[in-house]
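Biologist: I would like a close look at a single part of this model. Please choose one residue, set out its surroundings, and then place it within the chain as a whole.

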Amino acid sequence: TTLNDVLQKRLSSAWATLPEILFTGVYLAACYALAGVAYRLFFVLLGLPVIYIFAGGRGYVSRLISAKPAVWLAGYSLEIFMFHSFILYHYPVNPADGWYFVKFGAIVLAAAIGFRLFTDGIAAVWRRYSGDVAAL
């Protein structure tokens with residue numbers, strides 16, 4: 001039997017979670033060990049098994065990242081990616097502050113949501129007043 005046959009069978013959620021955790025752990029360990037150029041070269045190759053395992057969606061971890069709050073947060077991933085580095089530069093890590101990461105996450109999320117609301121507002125105004133652009 002192939003790996004695909006094994007994954008397509010009905011596994012219990014506990015048994016389906018095991019490969020999710022195993023492949024993710026191997027991926028993170030390989031990323032840590034292959035720092036630099038080697039990591040960039042093998043990034044996709046190392047990530048394929050992780051993506052394949054999670055695509056089955058049978059484990060607890062898959063269900064957790066498929067929950068509505070996680071999917072909602074994924075909708076803001078571009079904005080979070082754009083703002084986190086800028087905010088980190090202006091709000092450097094403070095190891096003495098136990099709440100630093102909570103504060104940092106809240107600031108980044110607020111900036112991402114604010115930016116999305118701002119750009120959605122501009123897009124709505126543009127759509128309303130632009131008329132039929134194709135006819136021009």
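Modeller: A residue counts as buried when its relative accessible area is under 20%, as exposed when the value is over 50%, and as partly exposed in between. The model is predicted, and the residue chosen here is Glu79, which lies in helix H6. At 7% relative accessibility, Glu79 falls under the 20% limit and therefore counts as buried.

Helix H6 spans residues 77–90, a run of 14 residues. From its first C-alpha to its last, H6 reaches 20 Å, close to the 20 Å expected at 1.5 Å a residue. The helix nevertheless bends by about 30 degrees at Phe83. Phe83 is also one of the buried residues of H6, together with Glu79 and Ile87. The cover over these buried residues includes helix H7, residues 100–130.

Leaving aside residues up to four places away in sequence, Glu79 touches Ala112, Phe115 and Arg116. The contact with Arg116 has a charged component. Side chains of opposite charge can pair when their charged atoms come close. Arg116 forms a salt bridge with Glu79, and the closest N and O atoms are 2.8 Å apart. Because Arg116 belongs to helix H7 and Glu79 to helix H6, the pair ties together parts that are 37 residues apart in sequence. Arg116 has a relative accessibility of 21%, so this residue counts as partly exposed, whereas Glu79 is buried at 7%.

The structure holds two salt bridges. Besides the pair described above, Lys103 forms a salt bridge with Asp97, with the closest N and O atoms 2.9 Å apart. Lys103 is partly exposed, with a relative accessible area of 37%. Asp97 is likewise partly exposed, at 21%.

As for the chain as a whole, the protein has seven helices and zero strands. Buried residues account for 17% of its 136 residues, and Glu79 belongs to the buried class. Of the contacts between residues at least 6 apart in sequence, 63% join residues at least 24 apart. The chain exposes about 10400 Å², of which carbon and sulfur atoms supply 73%.

A nonpolar patch on the surface is formed by Phe42, Phe43, Val44, Leu45, Leu48 and Ile51, with about 600 Å² of accessible area together. Ile51 lies in helix H3, residues 37–56. With a relative accessibility of 58%, Ile51 counts as exposed, whereas Glu79 in helix H6 counts as buried.

Technical notes: Residues are numbered from 1 along each chain as its sequence is written. This is a predicted model: local features need pLDDT of at least 70, side-chain atom pairs count only at pLDDT 80 or more; totals for chains, interfaces and linings use all residues. Side-chain values use heavy atoms; hydrogens and water are left out. Helices (H or I, at least four residues) and strands (E, at least two) are DSSP runs, numbered from the N terminus. Buried means under 20% relative accessible area, exposed over 50%, partly exposed in between (1.4 Å probe, protein chains only). Contact means heavy atoms within 4.5 Å. Accessible areas come from the Shrake-Rupley method with a 1.4 Å probe; for residues, only the protein chains shown count as cover. The expected span of a helix is 1.5 Å times one less than its number of residues. The bend at a residue is the angle between axes fitted to the seven residues ending there and the seven starting there. Patches are made of residues with over 30% relative accessible area and no salt bridge: like charges are joined within 9 Å, nonpolar side chains (Val, Leu, Ile, Met, Phe, Trp, Tyr) within 5 Å. A salt bridge is a side-chain nitrogen of Lys or Arg within 4 Å of a carboxyl oxygen of Asp or Glu.
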